[in-house]
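Colleague: Could you take one part of this model and look at it closely, keeping to what can be computed from the atoms? I would rather have a single connected account than a list.

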Amino acid sequence: MKLDRRVLILLLLAVAIMLPPWLGIYYTRFATQIAIYGMAALSVDLLLGYTGLITFGQAALFGVGAYAAGMLTVLGVTNALLAWPLAILISMLFALAIGGLSLRTRGFQFILVTLAFAQMVYYFAQSLRNWGGDDGFTLPQRNHLGFISLADHTTFYYVVLMLLVLVAFLASRIVRSQFGMVIRGIRDNERRAAAVGFPPYPYKLVIFVIAGGIAGLAGALMANHAKFVSPATLSWQLSGELLAMVILGSANSLIGSVLGAAFFLCFRDVLSDYTEHWMLYFGPLLVARVLLVKDGIWGMLLRATGAAEKPARPSIDFPEPVEAAPKPGATK
């Protein structure tokens, strides 16, 4: 049975809507965690898959959003309609500052500069003794949406899922727009894009700031989910895990990053019950994905359901059969 790609996405969304609450609170909370990390991985995919930027600093923006939402909640700003947009704005300002400097470099230098900025933010968070330092701090409660309380795990899950769908839709509109065509052109050939009138730096900076805002929202949601914030949310290891999620799911595929986050978290939680050295098993799996599966989990799912796009047949100028020209001297 062959499925259309849109039908497949709707089926996955239907599973996400119905299955976790039916399985119980534990799986609802776990699905919430998947949705949050899927949103953060999606922000990485905008940089890696669509712009060609390998960054180890996305966890810093994720952590900034978590700290901003957490601090606002402790200070009494508990309305999510105020706290979450402020967390997004602060993360985008940090992304503007980090991207404004790091995007002046390329390749390996860009990776190191983003890593350096991430470590600076990490150690700054450790120095905040009034906010727990290395131990972090707890939130007295979750934020609320006016008259809607998010204390219930199922309600909070559906809010996070709705935000994930909204972010994925907006990101899809961005990458399919003229702006998205430009950043993909910059990814493929930066010099050619500059030669035809599209300077790479401002376009890369804009997408870097947008991805920073998405990561900041994911961080704010994680702070509410765990009701706890610590410098661990800013560590470079988290940036590496987000990159691994995107690679597993399929770079240059927004839904793939969410599937990659789901697979990574399931793999980690299952194996960590048996061994604390679960990364020894994950490493070879990631290598096998890169060497053997070129388009990740999303590509495998598309092929398994028959929804993968097949290359079009070469067209011919005269599809109708043409009568053979009569031989010289022949009569009709």
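What follows is one long answer about a helix and its surroundings.

Modeller: This is a predicted model, in which local features need pLDDT of at least 70 and side-chain atom pairs count only at pLDDT 80 or more, while totals for chains, interfaces and linings use all residues. Residues are numbered from 1 along each chain as its sequence is written, and side-chain values use heavy atoms, with hydrogens and water left out.

I have chosen helix 10 (236–249), where helices are DSSP runs of H or I with at least four residues, numbered from the N terminus. Helix 3 (58–74) packs against helix 10 at an angle of about 110°, and their axes lie 7 Å apart; here the axes are lines fitted to C-alpha atoms over the stretch in contact, and angles run from 0 to 180 degrees between N-to-C directions. The two helices are therefore roughly perpendicular, a label given to angles of 65 to 115 degrees. Helix 3 passes helix 10 in a right-handed crossing, which means that the near helix is turned clockwise from the far one by less than a right angle. On the helix 3 side the meeting residues are Gln58, Ala59 and Phe62, and on the helix 10 side they are Leu238, Ser239 and Leu242, contact meaning heavy atoms within 4.5 Å. By residue class, this contact has 4 nonpolar residues, 2 polar and no charged, with Ala, Val, Leu, Ile, Met, Phe, Trp, Tyr, Cys and Pro counted as nonpolar, Asp, Glu, Lys and Arg as charged, and the others, Gly among them, as polar.

Phe62 also appears, together with Met245, among the residues with the most contacts inside the largest nonpolar core, which has 68 residues; such a core is a set of buried Ala, Val, Leu, Ile, Met, Phe, Trp, Tyr and Cys residues joined through side-chain atoms within 4.5 Å. Helix 3 and helix 10 are among the helices that each supply at least two residues of this core, although its largest share, 14 residues, comes from helix 2. A second, separate core of 14 residues includes Ala60, Ala118, Phe137 and Val229.

Between helix 10 and helix 11 runs a loop that holds Ser250 and Asn252. Phi is positive in both, although neither is a glycine: near 130° for Ser250 and near 65° for Asn252. Their exposure is given by relative accessible area, with buried meaning under 20%, exposed over 50% and partly exposed in between (1.4 Å probe, protein chains only). Ser250 is buried because its relative accessible area is 8%, whereas Asn252, at 37%, counts as partly exposed.

Beyond the loop, helix 11 contains Arg268, which is buried with a relative accessible area of 18%. Leaving out residues up to four places away in sequence, Arg268 touches Gln33, Glu241 and Trp278.

Helix 10 is also one of the partners of helix 13, whose buried residues pack against helix 1, helix 10, helix 11 and helix 12. Those buried residues are Gly296, Trp298, Gly299, Leu302 and Thr305, and just after helix 13 Gly306 takes a positive phi of about 75°.

Methods. Parallel < 35°, antiparallel > 145°, perpendicular 65-115°, else oblique.
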